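Got your viewer open and a cursor ready? Let's take a walk through this one, stop by stop.

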Amino acid sequence: MSTITEFVDVHAPVSAAYNQWTQFESFPRFMDGVEEVRQVDDTHTHWKIAMGGVTREFDATITEQHPDERVAWASDSGPKHAGVITFHRLDDKTTRVTAQMDLDPDGFAEAAADKLGILDRRVKEDMQRFKTFIEHRDGRETGAWRGDVAPPPQH
């Protein structure tokens, strides 16, 4: 399993950066290889991704979500991965968005991409495209979901 951590500072208030990130169906507009994300309900999404000529579909569950702070998820099927996106107010108009992901590549193409650092670069570039996406909208989000999802109980 690999861990990837990347961050980007965006010129947008923390609420706008967070609100935009909760618009999962907009991810194909700034995430390379993400062909479609469908929001099934408040805590479930269905993804269609492509990498190295291989297309995969999987389901993921939002395991924790707190407005203006964090969104965490874990895959339910397909390639194993989990992660958290956090939002840190730097000032009234600037937010640091940090992605931390644990990935367990599934198949030869994904394993090779991981070993060659391609997945790290992809996440870094996706974060930069998110920055461009929201900043070109003058820091305004395309929508928002302000619900709260409590973390699963610890046993």
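Start with F30, and keep in mind throughout that this is a predicted model. F30 is buried, with just 1% relative accessible area. Now add F133 to the selection: at 12% relative accessibility, F133 counts as buried too.

How far apart are the ring centres of F30 and F133, and at what angle do their planes sit? The centres are 5.4 Å apart and the planes are at 40°, so this pair is tilted. Zoom out a little and trace the backbone. F30 sits in the loop between α1 (14-21) and β2 (34-41), while F133 belongs to helix α3 (residues 118-135), so to speak a link between distant parts of the chain, 103 residues apart.

Next, widen the selection to W21, F24, F27, F30, W47, F58, F130 and F133, which form one aromatic cluster. Over the whole structure, a search turns up 10 aromatic pairs.

From there, hop to helix α1. Seven of its eight residues are buried, which leaves the helix mostly covered. Select V14, A16, A17, Y18, N19, Q20 and W21 to see the buried ones.

Time for the strands. Pick M51 in strand β3 (residues 44-51); M51 is buried, at 12% relative accessible area. Draw a distance from its C-alpha to that of V34 and you should read 8.9 Å, with the two residues 17 apart along the chain.

Now for charges. The whole structure has nine salt bridges, and three are worth a click.

- K48 and E35: the closest N and O atoms are 4.0 Å apart. This bridge ties strand β3 (K48) to strand β2 (E35), 13 residues away along the chain. K48 is partly exposed at 28%, and E35 is partly exposed at 42%.
- R146 and D68: the N to O distance is 2.7 Å. R146 lies in the segment after α3 and D68 in the loop between β4 and β5 (70-75), 78 residues apart. Both partners are partly exposed, R146 at 40% and D68 at 22%.
- R89 and D92: here the closest N and O atoms are 2.3 Å apart. R89 is exposed at 53%, and D92 is exposed at 56%.

Last stop: switch on the surface and select E25, E36, E57, D59 and D76. Which charge does this patch carry? The patch is negative. One of its members, D59, sits in strand β4 (residues 54-66) and is partly exposed, with a relative accessible area of 31%.

Key
Residues are numbered from 1 along each chain as its sequence is written. This is a predicted model: local features need pLDDT of at least 70, side-chain atom pairs count only at pLDDT 80 or more; totals for chains, interfaces and linings use all residues. Side-chain values use heavy atoms; hydrogens and water are left out. Rings of Phe, Tyr and Trp (its six-membered ring) pair if their centres lie within 6.5 Å; planes under 30 degrees apart count as stacked, over 60 as edge-to-face and the rest as tilted. Helices (H or I, at least four residues) and strands (E, at least two) are DSSP runs, numbered from the N terminus. Buried means under 20% relative accessible area, exposed over 50%, partly exposed in between (1.4 Å probe, protein chains only). Patches are made of residues with over 30% relative accessible area and no salt bridge: like charges are joined within 9 Å, nonpolar side chains (Val, Leu, Ile, Met, Phe, Trp, Tyr) within 5 Å. Accessible areas come from the Shrake-Rupley method with a 1.4 Å probe; for residues, only the protein chains shown count as cover. A salt bridge is a side-chain nitrogen of Lys or Arg within 4 Å of a carboxyl oxygen of Asp or Glu. Lys and Arg count as positive and Asp and Glu as negative; His and the chain ends are not counted. The place of a charge is taken as NZ of Lys, CZ of Arg, CG of Asp or CD of Glu.
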